[in-house]
Amino acid sequence: MTATACTRLPRSTFDPSSGFGGVYRGKKVFVTGHTGFKGSWLCEWLLLLGAEVYGYSIDTLDPSLFNQLRLQHRLFDMRGDVLDIEALRKAVSSVKPDLIFHLAAQSLVRQSYDDPVGTFTTNVTGSINVLEVVRLALDRCVVIMVTTDKCYENRERLRSYRETDPMGGYDPYSASKAAAEIAIAAYRRSFFSTSLDRQQVAIASARAGNAIGGGDWAADRIVPDCVRALQRSKPIVVRNESATRPWQHVLEPVSGYLSLGQELWEEISTKNTQGTRLKELASAFNFGPLPGSARTVRDVVAELLRHWPGKWVRQVDPAAAYEARRLNLSIDKAINLLGWRPVWDFSRAVAETVAWYRSAQSQTSTELLEITRNQIAEYTCDAVKCGARWAIEATPNKVLRAAKVSGGGGPNAPSAVRPRLES
Ligand SMILES: NC(=O)c1ccc[n+]([C@@H]2O[C@H](COP(=O)([O-])OP(=O)(O)OC[C@H]3O[C@@H](n4cnc5c(N)ncnc54)[C@H](O)[C@@H]3O)[C@@H](O)[C@H]2O)c1
C-alpha cells in the first residue's frame with residue numbers, strides 16, 4: 001500500500017475528472033510511447049480525467065506497467081512506428097485528436113552509446129514526423145513534445161538551466177533530444193506561429209529530469225536496477241554513485257505535461273490567438289523538483305534501502321561511457337506561467353515508489369490498478385495543499401478549506417484530506 005493512509009471521502013467531494021480545469025473530459029488524446037513507463041502513468045491519469053485515449057507505440061515490453069495495469073483493454077491501443085510517417089499520418093488523421101503527447105523515444109543514455117543511429121533516428125526523425133503529420137493533417141490541436149533536461153549544453157556548473165540556455169548534449173541520447181528541440185522550435189516558428197493561419201495548432205516542449213515511480217522496468221535505470229536486485233535478495237550494484245540528478249516522482253512531470261496541455265487548450269479555445277499568453281505558452285518548459293532537491297545516485301539507493309532493506313556495492317567501471325555528473329533545472333517559468341509546482345519531496349517520492357514495487361510482488365492487476373489510482377489521488381490531494389493551479393481550480397471550496405490550502409501544511413506532511421478513489 002502507499003506510504004500514507006487515505007481518509008475515505010464521499011465521492012461527491014472529490015471528482016477526479018475535474019482536475020486540470022476539466023479540459024480533458026471527453027477529449028480525444030493521442031499519446032505516442034503509451035506503452036512506456038511515463039506513457040502508462042499519463043494514460044492512466046488521462047482515463048481518470050475522462051479522456052478518450054489513443055495510444056501509438058512500436059511495442060510493449062515485458063514486464064511493463066502497461067501490461068500490469070491492463071491498459072490495452074481500456075484505451076485505443078495502436079501498434080506503429082513513429083518512423084513510418086504514412087502509418088502515423090493515417091493513425092492521426094483517423095483519430096483527429098484534440099491533444100497529442102509525444103513521448104515515443106529511445107529513452108536510455110547507455111543504449112544510445114550502443115545504438116547511436118537508432119537513437120538519433122527515433123528521437124529526431126520520429127519527432128519531426130509527428131510535427132509534419134500535425135502540419136499536414138490537423139487544423140486545431142495542442143501538441144506537447146516530451147524531450148528531457150539533458151538537452152542543455154551541460155557545463156557541469158552549479159547554476160540551474162533555464163529554458164533559454166543553449167541546447168547541447170554530450171552523449172547521443174542527450175544530443176538527439178537537443179536536436180529534437182531545435183526541430184520543434186523551427187516547426188513552431190515556420191508553420192505554427194500565432195501570426196500565421198495555423199494559429200489553432202499550439203506546440204510546446206517539456207523538459208523534465210530523472211523520473212522515479214512504480215512500474216519502471218527499464219534496463220539500466222537506477223530504481224529498476226535496485227528493485228530487480230532486491231527482489232532476488234542480491235546486493236545492488238551502483239556505478240556513477242556521485243552523479244547528481246533532479247530526481248522526481250513520475251507524477252510531477254506528468255502533471256506538468258497535463259498542465260501545459262490544459263493551459264494551451266484553454267488559450268486556443270478562446271480564439272484569442274494573437275494574444276501574448278499563447279506565444280508564451282507555446283514554448284519550452286522545464287519540470288523539475290524544488291531547488292536544492294537534486295541528489296546523488298548514492299542518496300537514492302540509501303533512501304530506497306530505508307524502505308526495503310538490503311545491501312549495495314560500489315562498482316567502478318573505468319571503461320564506462322561518460323554520463324553528466326551534475327544537472328540542475330530552473331522551474332521558475334512553469335511556476336510563474338502555469339501555476340505548476342512540485343508536490344512530493346525526494347523522500348516522499350522514494351517512499352511512494354518503493355510502496356508501489358513492494359505491492360507489485362504480491363498483488364493482482366486489479367489491486368495494482370487501485371494502488372496506482374490511489375497514488376494519483378493522493379498526489380492530487382497534496383497538490384491542492386501546495387496550491388498547484390491545476391488541482392485547486394478543480395476542488396470544491398469546502399475541500400480546500402479542510403485541506404487548509406492557504407494555511408500551509410506541506411505536501412509531505414500528513415494530509416488532513418486524503419481522497420481515495422473507489423474502483
Ligand atoms: N523516464 C525518465 O526518467 C525520463 C526523463 C526525462 C525524459 N524522458 C522522456 O520521456 C519520454 C518517455 O520516457 P519513458 O521513461 O516512458 O520511456 P520508455 O522507454 O519507458 O518508453 C518509450 C516508449 O516509446 C515507444 N517507442 C520507442 N521507439 C518507438 C518508435 N520508433 N515508434 C513508436 N514508439 C516507439 C516504446 O514502445 C515505449 O512505449 C521519452 O521521450 C524520454 O526520453 C524520460
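These are my notebook entries on a predicted model of one protein.

**Overview**

I began with the totals. I counted 15 helices and 13 strands in the secondary structure of the protein. The chain has 423 residues, and 48% of them count as buried. I then looked at contacts with a separation of 6 or more, and found that 80% of them join residues 24 or more positions apart.

**The sheet**

I traced an open sheet of seven strands, in the order β3-β2-β1-β4-β5-β6-β11, with parallel pairing. At the edges I found β3 (76–79) and β11, each with a single partner strand, so one side of each has no neighbour in the sheet. From one strand to the next the twist averages 20 degrees.

I looked next at what lies on the sheet. Helix α3 (residues 85–95) packs there and touches β1 (28–32), β2 (52–57) and β3. The direction of α3 makes about 160 degrees with that of β1.

**Strand pairs**

I went through three of the pairings. β1 and β2 run parallel and are joined by five bridges. In this pair I noted Phe 30 opposite Tyr 54 of β2. I also checked burial in β1: four of its five residues are buried, so the strand is largely enclosed by the rest of the structure.

Strand β5 (residues 141–146) is parallel to β6, with six bridges between them. Here Val 146 faces Ala 206 in β6. Strand β6 (residues 201–208) also pairs with β11, again in the parallel sense, over four bridges. I found Ala 208 opposite Phe 287 in β11.

I then asked which way the side chains of β11 (residues 284–287) point. Ala 284 and Asn 286 point one way, while Phe 285 and Phe 287 point the other way. All four are buried. In a regular strand the side chains alternate between the two faces of the sheet.

**Helix α1 against α8**

I looked up helix α1 (residues 37–48) and helix α8 (residues 251–269), which pack at an angle of about 55 degrees with their axes 10 Å apart. At that angle α1 is oblique to α8. The crossing is right-handed. From α1 the contact takes Lys 38, Trp 41, Leu 42 and Trp 45. From α8 it takes Leu 251, Pro 253, Val 254, Tyr 257 and Leu 258. By class I get eight nonpolar residues, one charged and no polar.

**Helix α10 against α12**

Helix α10 (residues 297–307) and α12 cross at roughly 55 degrees, and their axes come within 9 Å. I therefore entered α10 as oblique to α12. This crossing is right-handed. Val 300, Glu 303, Leu 304 and His 307 of α10 meet Ser 347, Val 350, Ala 351 and Val 354 of α12. The residues of this contact divide into five nonpolar, two polar and one charged.

**Ala 349**

While on helix α12 (residues 346–360), I looked at Ala 349, which lies in it. Is Ala 349 buried or exposed? It has 26 C-beta neighbours inside 10 Å, and 20 or more are needed, so I entered Ala 349 as buried. Leaving aside neighbours within four places in sequence, I listed Ile 212, Trp 247, Gln 248, His 249 and Trp 344 as the contacts of Ala 349. I also looked up Gly 213, which is 136 residues from Ala 349 along the chain. The C-alpha atoms of these two residues are separated by 7.3 Å.

**Backbone exceptions**

Most residues other than glycine have a negative phi, and most peptide bonds are trans. I noted three departures.

- The peptide bond from Asp 62 to Pro 63 is cis, with omega near 0 degrees. I place Pro 63 in the loop between β2 and α2 (65–68).
- Arg 70 has a positive phi, near 50 degrees. Arg 70 sits in the loop between α2 and β3. I entered Arg 70 as exposed because it has 12 C-beta neighbours inside 10 Å.
- Asn 240 has a positive phi, near 55 degrees. I find Asn 240 in the loop between β8 (236–238) and β9 (244–245). With 17 other C-beta atoms within 10 Å, Asn 240 is partly exposed.

Conventions
Residues numbered from 1 in each chain as written. Predicted model: local features only at pLDDT ≥ 70, side-chain atom pairs only at ≥ 80, totals over all residues. Helix = DSSP H or I, 4+ residues; strand = E, 2+ residues; numbered from the N terminus. Pairing = 2+ DSSP bridges. Axes fitted to C-alpha atoms, helices over the stretch in contact; angles between N-to-C directions. Parallel < 35°, antiparallel > 145°, perpendicular 65-115°, else oblique. Left-handed = near helix turned anticlockwise from the far one by under 90°. Contact = placed C-beta atoms within 7 Å. Nonpolar A, V, L, I, M, F, W, Y, C, P; charged D, E, K, R; others polar.
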